[in-house]
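Trainee: Please take me through one part of this model closely, beginning with a single side-chain contact and working outward from there. I would like one connected account rather than a list.

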Amino acid sequence: MDIIKLKPLSVCDTNSYIVASECGNAVLIDAPAQADYILNEIESHGLTLKKILLTHGHFDHVGAVADLVDATGCEVYIHEMDLKKLSDDDEGLLINVFRVRGLRTFDGALGVNDGDIIKQDELEFDVVHTPGHTSGSVCYIINDVMFSGDTLFARSVGRTDMPDGNYSNLMFSMGIIKKLGGNLRILPGHMCETSLESEKKYNPYLQ
């Protein structure tokens, strides 16, 4: 399994990641913007995009989805509670809040739930529902890596003051993360990489 971190994208400098299987298929974690750039990066590594796993439905994580699906026919996965965000800003896509222009909505995603496993070749992604930043926020765990979206950052957590955010739910999700075993490598939706061991020690929200 190879993981390729893309450059920060969208007006929010959002992280996204390519996970490559042994036979050259790619799973993209979040699709912030600039579909052409994302496709070029995937193709430059000799990969074929098969799936997009979305950590939640805010515009800065889903902005390139429609264009990527048009170009590749890939499947898109998001938690059921965030499905409507992809096609209706009233459900929390936030394009009006941030005055985003030109973003295409999308209504063909597949809904996932806590405990689901998404497979691509030998890759298996465990879905962990971690509500708070949005009601449908999730983390994806594969082997010793957790893609935490906007749930958990290095020394911080995602904001809860936007529509569909809930601080109490986020603290509940911190309890879920705190109970996870192993020293997971954490690849968040913004800012730098960290580890579960480090966050348990230094992140005030995991104390």
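Mentor: In this predicted model, the side chains of His 190 and His 61 are joined by a polar contact of 3.5 Å. His 190 sits in the loop between strand 13 (185-188) and strand 14 (194-195), and despite that loop position His 190 is buried, with a relative accessible area of 11%. Its side chain also reaches the backbone oxygen of Cys 12, at 3.2 Å. If residues up to four places away in sequence are set aside, the residues that His 190 touches are Cys 12, Asp 13, Thr 14 and Asn 15, then Asp 60 and His 61, and finally Asp 150 and Phe 153.

Cys 12, whose backbone oxygen is reached by His 190, leads on to the cysteines. A disulfide is a covalent bond between the sulfur atoms of two cysteines, and the structure holds zero of them. Cys 12 is accordingly in no disulfide, and the nearest cysteine sulfur, that of Cys 192, is 17 Å away; at 26% relative accessibility, Cys 12 counts as partly exposed. Cys 74 is likewise in no disulfide, with the nearest cysteine sulfur, that of Cys 23, lying 16 Å away, but Cys 74 is buried, with a relative accessible area of 6%.

Cys 74 is also one of the residues touched by Leu 68, and following that contact brings us to helix 3. Helix 3 covers residues 65-72, and within it Val 65, Ala 66, Leu 68 and Val 69 are buried. Viewed down the helix axis, these buried residues fall within an arc of 165 degrees, so they line one face of helix 3. What they pack against is a set of five elements, namely strand 3 (25-29), helix 1 (35-44), strand 4 (48-53), helix 2 (59-62) and strand 5 (75-79). Just after helix 3 comes Gly 73, which takes a positive phi of about 75 degrees.

Leu 68 deserves a closer look of its own. Leaving out residues up to four places away in sequence, Leu 68 touches Leu 28, Ala 31, Ala 35, Ile 38, Leu 39, Leu 49, Ile 52, Gly 73 and Cys 74. The largest nonpolar core has 36 residues, and Leu 68 is among the four members that touch the most other members, together with Leu 28, Ile 38 and Ile 52. Strand 2 (17-20), strand 3, helix 1, strand 4, helix 2, helix 3 and strand 5 each supply at least two residues of this core, and helix 1 gives the most, with five residues. Apart from it there is a second, separate core of 17 residues, which includes Tyr 17, Val 19, Ile 29 and Val 145.

Charged side chains complete the picture around these elements, and the structure holds nine salt bridges. One of them is formed by the side chains of Glu 75 and Lys 51, at 3.6 Å from N to O. Glu 75 lies in strand 5 and Lys 51 in strand 4, so this pair ties together parts that are 24 residues apart in sequence. The two partners differ in their surroundings, since Glu 75 is partly exposed at a relative accessible area of 35%, whereas Lys 51 is buried at 10%. Asp 67, Asp 70 and Arg 104 are linked in a network of salt bridges.

Another group of charges is centred on Lys 85, whose side chain meets that of Asp 82 in a salt bridge of 2.7 Å, N to O. Both of these partners are buried, Lys 85 with a relative accessible area of 2% and Asp 82 with one of 0%. The side chain of Lys 85 meets that of Asp 164 as well, again in a salt bridge of 2.7 Å from N to O. That second pair links distant parts of the chain, 79 residues apart, with Asp 164 in the loop between strand 12 (156-157) and helix 4 (167-178) and Lys 85 in the loop between strand 5 and strand 6 (110-112). Asp 164, with a relative accessible area of 34%, is partly exposed, in contrast to the buried Lys 85.

Definitions and conventions
Residues are numbered from 1 along each chain as its sequence is written. This is a predicted model: local features need pLDDT of at least 70, side-chain atom pairs count only at pLDDT 80 or more; totals for chains, interfaces and linings use all residues. Side-chain values use heavy atoms; hydrogens and water are left out. Buried means under 20% relative accessible area, exposed over 50%, partly exposed in between (1.4 Å probe, protein chains only). Helices (H or I, at least four residues) and strands (E, at least two) are DSSP runs, numbered from the N terminus. The arc is that of the directions from the helix axis to the C-beta atoms. Contact means heavy atoms within 4.5 Å. A salt bridge is a side-chain nitrogen of Lys or Arg within 4 Å of a carboxyl oxygen of Asp or Glu. A nonpolar core is a set of buried Ala, Val, Leu, Ile, Met, Phe, Trp, Tyr and Cys residues joined through side-chain atoms within 4.5 Å. A disulfide is a pair of cysteine sulfur atoms within 2.5 Å. A polar contact is a pair of N or O atoms within 3.5 Å; within protein, one must be able to donate a hydrogen and the other to accept it, and residues adjacent in sequence count only if both atoms are side-chain atoms.
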